[in-house]
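Here are my notes on the model, point by point. Please read them with the structure open.

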Amino acid sequence: MSRSDTKVIVVGAGPAGVSLAYLLASRGVSVTLLERHRDFSREFRGEVLLPSGLEALQQMGLGDVVTTIPHIAPTAFELYANAHQVFRIRLHSESFGAHAPTAVSQPAFLKAVIERARAFPHFRVELGVTVRGLLRTDGRVEGVTVRSQIGSQTLHSDLVVGADGRNSVIRRACDLDVRKHGLDFDIVWFKMPPPAFLGGQSALRAYVGRGHLLIAYLAADGLLQVAWIITKGTYGELRRRGISEWVEEMAHHVTPDLGVHLRTHSRSLTDSFLLSTVSDRVTSWSVPGVLVIGDAAHTMSPVGAQGINIALRDAIVAANHLVPVLRQTSARDRIVAATQAIERERTPELARIQRFQAIPPRLVMGHTFWGAAFRATVPRLLRFEAVRERAAPVMRPILFGHGDVRLQV
Ligand SMILES: Cc1cc2nc3c(=O)[nH]c(=O)nc-3n(C[C@H](O)[C@H](O)[C@H](O)COP(=O)(O)OP(=O)(O)OC[C@H]3O[C@@H](n4cnc5c(N)ncnc54)[C@H](O)[C@@H]3O)c2cc1C
C-alpha cells in the first residue's frame with residue numbers, strides 16, 4: 001500500500017490525459033498520470049489534427065510540438081462518387097489560417113507532450129500501471145487501486161480523472177449511464193506502401209457509393225492509410241470469402257489507379273484489422289471525486305476525425321475550471337462544482353458534433369429511400385463550386401469546433 005501526495009490522478013495517457021496532465025502540472029497542480037501500456041506504439045489511433053485541435057495546442061503552448069514529430073499536411077481533398085471524381089479542392093493554408101489539417105504520428109505526439117510535462121516538478125507519470133478500480137470512503141472516491149509489475153497498490157488523490165478511452169474502467173466503476181448517438185459501423189483499417197500516382201502529393205481521397213465509404217491518405221510515416229467502412233458484422237463474411245475477393249470488391253469501388261495499387265499490394269492486407277466504431281456519451285461526466293473526459297466521457301466516431309481535437313478541447317475547459325479550485329483548496333464541494341461546470345460547458349459542442357457524425361454513415365450505408373436519393377443527387381450537385389460554397393458553413397464546426405474554447409488559466 002502506498003499513499004500518493006498528488007492532488008489529481010489522471011488515468012490514461014491518450015490525447016485527453018496527457019494534455020490535461022500537462023496543463024495542470026504547468027500551472028502548479030500536482031498530478032500523477034497513469035498509463036497501462038509501457039510505450040505508445042499502439043495502432044489504430046486517430047492521427048489527423050484539425051484547425052480546432054491545432055489551435056488548442058497553440059493555446060497550451062504546445063503548438064510547435066507538431067513540427068518536431070513526423071507529420072504531413074494533405075495538399076488536396078478529392079471526393080469520388082461511384083469511382084468518378086466529383087471535385088478536387090486544393091487545401092490552401094490561407095483557408096485555415098495557421099492551422100491546416102495535419103496527420104501526425106500519435107505515439108510521437110503523446111511522447112513529446114509527456115517530455116514537455118516532465119519539466120514541471122508537479123508532474124509524475126507511471127507507465128505500465130493499470131488502474132483496476134476506485135478507492136471509496138463514505139461514498140466518495142479518494143483514489144484508485146492499481147496493478148503494475150511490482151504488484152497491487154492504492155493511490156490517493158483529491159480528484160480522479162478518467163481519460164482512459166472508449167473501454168473506460170473509470171466509467172464502468174462509477175456506473176455512469178451511457179446514450180448511443182449514431183449508427184455503429186465497422187472499419188477495415190490498414191496501411192500499404194505509398195502509390196506512385198500521388199507523386200508525393202498528400203491528397204486525401206474519399207470514395208462514396210455502392211454502400212461503402214473508402215478513405216485513403218498519406219500518413220505521417222509516409223505510408224498510405226486506408227479505411228474501408230463496412231456494415232457492422234459483415235467482416236466475418238469478408239474474411240471467409242478470402243483476401244483476393246475482398247480486394248477486388250475494394251478495387252471496384254475506387255478509381256483504376258488506386259484499384260491497381262490495392263491489387264498490387266494485396267499482401268499488406270493481411271495486416272489489416274477490424275475496428276468497431278462506437279458513438280456514445282455518458283449522461284453525467286462526474287460523481288464526487290471523479291471526472292471523465294475524452295472518449296471515456298464521449299466515445300467519438302471516426303467520422304470527421306474529431307476525437308483527438310475534441311479531447312484537447314476537453315482538457316482546456318477542464319483546466320480552466322480545475323486549476324483555480326485545486327490550487328487553493330481540497331474542499332470537496334468546490335471540486336464537485338468544478339467537474340459539473342466542465343460537463344455543462346462541453347455538452348453543447350459534443351451534442352452538435354455527434355449529431356453531425358451520425359449523418360454520413362446513414363446516408364452512405366443506410367438502406368432508406370433518403371439515403372438512396374442522397375447518393376443519387378448530392379455528388380452531382382457538389383460538382384458546382386457555388387453549391388460547395390453554400391455547403392461550407394455546415395462543415396465549419398467539424399474543422400474549427402463548435403463554440404469558442406479559450407485557455408484562461
Ligand atoms: C479508426 C479510428 C480513426 C480515428 N481517426 C481519428 C482522427 O484522424 N483524428 C481524430 O481526432 N480522432 C480520430 N479517432 C478518434 C481518436 O483516436 C479518439 O477519439 C482519441 O484518441 C480519444 O482520446 P482519449 O485520450 O480520450 O482516449 P484514448 O486515445 O483511447 O487513450 C486512452 C488511454 O488510456 C489508457 N488506459 C485505458 N484503460 C486504462 C487503465 N485501466 N489504466 C491505465 N491506463 C488505461 C489506454 O491505454 C490509452 O492510452 C479515430 C478513432 C478510430 C477508431
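1. A word on terms before the helix pair. A helix axis here is a line fitted to C-alpha atoms over the stretch in contact, and angles run from 0 to 180 degrees between N-to-C directions. Keep in mind that this is a predicted model.

2. Start with helix H2 (residues 51-60) and helix H9 (residues 307-328). Their axes come within 8 Å. They cross at roughly 35°. The crossing of H2 past H9 is left-handed.

3. Which residues make the contact between H2 and H9? From H2 come Ser52, Gly53, Ala56, Leu57, Gln59 and Met60. From H9 come Asn309, Leu312, Arg313, Ala315 and Ile316. Sorted by class, this contact of H2 with H9 holds six nonpolar, four polar and one charged residues.

4. Next, the domains. The assignment splits the chain into domain 1 (8-70 + 105-181 + 280-400) and domain 2 (186-276). Domain 1 is thus listed in three segments, and domain 2 in one. The C-alpha centres of domain 1 and domain 2 are 28 Å apart.

5. How many residues of domain 1 and of domain 2 are in contact? Domain 1 brings eleven, and domain 2 brings 17. Between domain 1 and domain 2, about 1100 Å² is buried. Carbon and sulfur atoms give 67% of that area.

6. Now the six-stranded sheet. It is open, with strand order E8-E2-E1-E12-E21-E20. Its pairing is mixed. Strand E8 (123-127) and strand E20 (286-287) are at the edges. Each has a single partner strand, so one side of each lacks a neighbour in the sheet.

7. Look at one end of that order. Strand E2 (residues 31-35) runs parallel to E8, and five bridges join the two. Within this pair, Leu34 is opposite Glu126 in E8.

8. Another sheet is three-stranded. It is open and antiparallel, in the order E9-E10-E11. Why do E9 and strand E11 (151-156) each have one side without a neighbour in the sheet? Both stand at the edges with a single partner strand each, so one side is left free of a neighbour. From one strand to the next, the twist in this sheet averages 30°.

9. Take the pairs in turn. Strand E9 (residues 130-137) and strand E10 (residues 140-148) run antiparallel, joined by seven bridges. Thr130 faces Arg147 of E10 across this pair. The hairpin of E9 and E10 has two residues between the strands. There, Asp138 takes a positive phi near 50°.

10. The other pair is E10 with E11. Six bridges link E10 and E11, again in the antiparallel sense. Here Gly143 stands opposite His156 in E11.

Technical notes:
Residues are numbered from 1 along each chain as its sequence is written. This is a predicted model: local features need pLDDT of at least 70, side-chain atom pairs count only at pLDDT 80 or more; totals for chains, interfaces and linings use all residues. Side-chain values use heavy atoms; hydrogens and water are left out. Helices (H or I, at least four residues) and strands (E, at least two) are DSSP runs, numbered from the N terminus. A crossing is left-handed if the near helix is turned anticlockwise from the far one by less than a right angle, and right-handed if clockwise. Contact means heavy atoms within 4.5 Å. Ala, Val, Leu, Ile, Met, Phe, Trp, Tyr, Cys and Pro count as nonpolar, Asp, Glu, Lys and Arg as charged, and the others, Gly among them, as polar. Two strands pair if DSSP finds at least two bridges between them. Domain bounds come from an automatic or database domain assignment. Buried area is the accessible area (1.4 Å probe) that two parts lose on being put together, summed over both.
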